[in-house]
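Dear colleague,

I am handing over the structure we spoke about, and below it you will find what came out of going through it. Please read the notes with the structure open beside them.

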Amino acid sequence: MTFQAGELVAFIDQEGRAYLQRLVPGGRFHSHRGYVVHDTVIGAAPGAVVTSSRGAKFYVFYPTLTDFTMNMPRISGIIYPKDTGIILLRADIFPGAKVLIGGVGSGALLLSVARQIGAGGAIVAYDVRQDMLDHAAQNLREFLGATPQLTLKRGDIYQPIEEEGFDRVLLDVPEPWRVIETLQKSLAPGGIVSAYVPSITQAEAFVSALKDTGNYVLVETIEVLVRDWHIAGRSVRPHHRMVGHTGFLTFARKLSAPQTLSLCPEEPPGTESP
């Protein structure tokens, strides 16, 4: 396999910074370290090392989803890969799943879910802003190409929607507790809901709303912290900077019918177990 004209590649410098470019005959990749002519990359194998006009070395690879997500055009904040990975696992996004997404943003989570469910799955994604939907659609086309399994809809996820029978519901909206009515109708029994929010008060409000229905169990809220390490010879230490708090993730599973919690009746005096 060799790089072809029209393909998206990542030029990665010696510090690990990735720069994405689509290869064009006669084109150039420019950086503060000089330029690289695209023709020197077209026909080369992934993992090639090229030298810029100023003598800087760059590795050339096909971009990973993380490379693309962290470098794609944005018109909003994104759910970072460290959180997306946990969402995919804890919400158990599987090939062929039917997924409802509330809040599209720039499409970071949407990219990962669309690739995970594959052509046999289905996504219906709602956002109140058309510019968000258009921007996310462009980012998906740039990295994944055609995504016939995806339906983008302008609408308010806080209001009832027509679709039902989703295996999973993923929320990236400011007030996920207002989605309870939609969840009750649209999430299938046994399904999983996940919500991403930046503050713990938002997470608490969502958890309370879920528990008040009596229809959700295994409710948990977590945050994900990532710390890189510097390892060079005998110099082994954590990096001075780390990716700390970005948001809180809440997960819950839906019962087939609401449950009523009640206290066990008190035993009459003198009947206590020995």
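**A buried arginine and its partner**

Arg 168 has a relative accessible area of 7%, and because the cut-off for buried is under 20%, this residue counts as buried. Please keep in mind throughout that the model is a predicted one. The side chain of Arg 168 meets that of Asp 92 in a salt bridge, with 3.1 Å from N to O. This pair ties together distant parts of the chain, since Asp 92 sits in the loop between α2 (81–90) and β7 (98–102), while Arg 168 belongs to strand β10 (residues 166–171), 76 residues apart. Asp 92, unlike its partner, is partly exposed, because its relative accessible area is 39%.

**The other salt bridges**

The count of salt bridges comes to 11. One of them joins Glu 15 to Arg 33, where the closest N and O atoms are 3.0 Å apart. This pair, too, links distant parts of the chain: Glu 15 lies in the loop between β1 (8–12) and β2 (18–22), and Arg 33 in the loop between β3 (28–31) and β4 (34–37), 18 residues apart. Glu 15 counts as partly exposed, because its relative accessibility is 48%, and Arg 33 is likewise partly exposed, with a relative accessible area of 28%. Both residues also belong to a network of salt bridges that links Asp 13, Glu 15, Arg 17 and Arg 33.

A further salt bridge brings together the side chains of Lys 153 and Glu 162, at 3.0 Å from N to O. Lys 153 counts as partly exposed, at 22% relative accessibility, whereas Glu 162 is exposed, because its relative accessible area is 62%.

**The sheet of four strands**

Four strands make up an open sheet in the order β2-β1-β6-β5, and their pairing is antiparallel. The edges of this sheet are β2 and β5 (48–51), each of which pairs on one side only. On average, and with direction ignored, neighbouring strands here are turned by 35 degrees against each other.

Within this sheet, β1 and β6 pair in the antiparallel sense over three bridges, and Ala 10 has Phe 61 in β6 as its bridge partner. Between β5 and β6, which also run antiparallel, there are four bridges, and here the bridge partner of Ala 48 is Val 60 in β6. The hairpin of β5 and β6 has five residues between the strands, and in this hairpin Gly 55 takes a positive phi near 85 degrees.

Which side chains of β5 point to the buried face, and which to the other? Ala 48 and Val 50 point to one face and are buried, while Val 49 and Thr 51 point to the other and are not. This is in keeping with a general pattern, in which the side chains of a regular strand alternate between the two faces of the sheet.

Val 49 appears again in a nonpolar patch on the surface, which it forms with Tyr 59 and Phe 61, and which has about 250 Å² of accessible area in all three together. Tyr 59 is placed in strand β6 (residues 57–61), and because its relative accessibility is 32%, Tyr 59 counts as partly exposed.

**The sheet of seven strands**

Seven strands form another open sheet, in the order β9-β8-β7-β10-β11-β15-β12, and in this one the pairing is mixed. Its edge strands are β9 (150–154) and β12 (216–222), each pairing on one side only. Neighbouring strands of this sheet are turned by 15 degrees against each other on average, again with direction ignored.

One of the pairings in this sheet is that of β7 with strand β8 (residues 122–127), which run parallel and are joined by five bridges. In that pairing, Val 99 stands opposite Ile 123 in β8.

Two helices are worth viewing together with these strands. Helix α3 (residues 108–117) lies across β7, β8, β9 and β10, and runs at about 165 degrees to β8. Helix α4 (residues 130–144) lies across β8 and β9, and runs at about 160 degrees to β9.

With best regards

Methods. Residues are numbered from 1 along each chain as its sequence is written. This is a predicted model: local features need pLDDT of at least 70, side-chain atom pairs count only at pLDDT 80 or more; totals for chains, interfaces and linings use all residues. Side-chain values use heavy atoms; hydrogens and water are left out. Patches are made of residues with over 30% relative accessible area and no salt bridge: like charges are joined within 9 Å, nonpolar side chains (Val, Leu, Ile, Met, Phe, Trp, Tyr) within 5 Å. Accessible areas come from the Shrake-Rupley method with a 1.4 Å probe; for residues, only the protein chains shown count as cover. A salt bridge is a side-chain nitrogen of Lys or Arg within 4 Å of a carboxyl oxygen of Asp or Glu. Buried means under 20% relative accessible area, exposed over 50%, partly exposed in between (1.4 Å probe, protein chains only). Two strands pair if DSSP finds at least two bridges between them. Axes are lines fitted to C-alpha atoms, for helices over the stretch in contact, and angles run from 0 to 180 degrees between N-to-C directions. Contact means heavy atoms within 4.5 Å.
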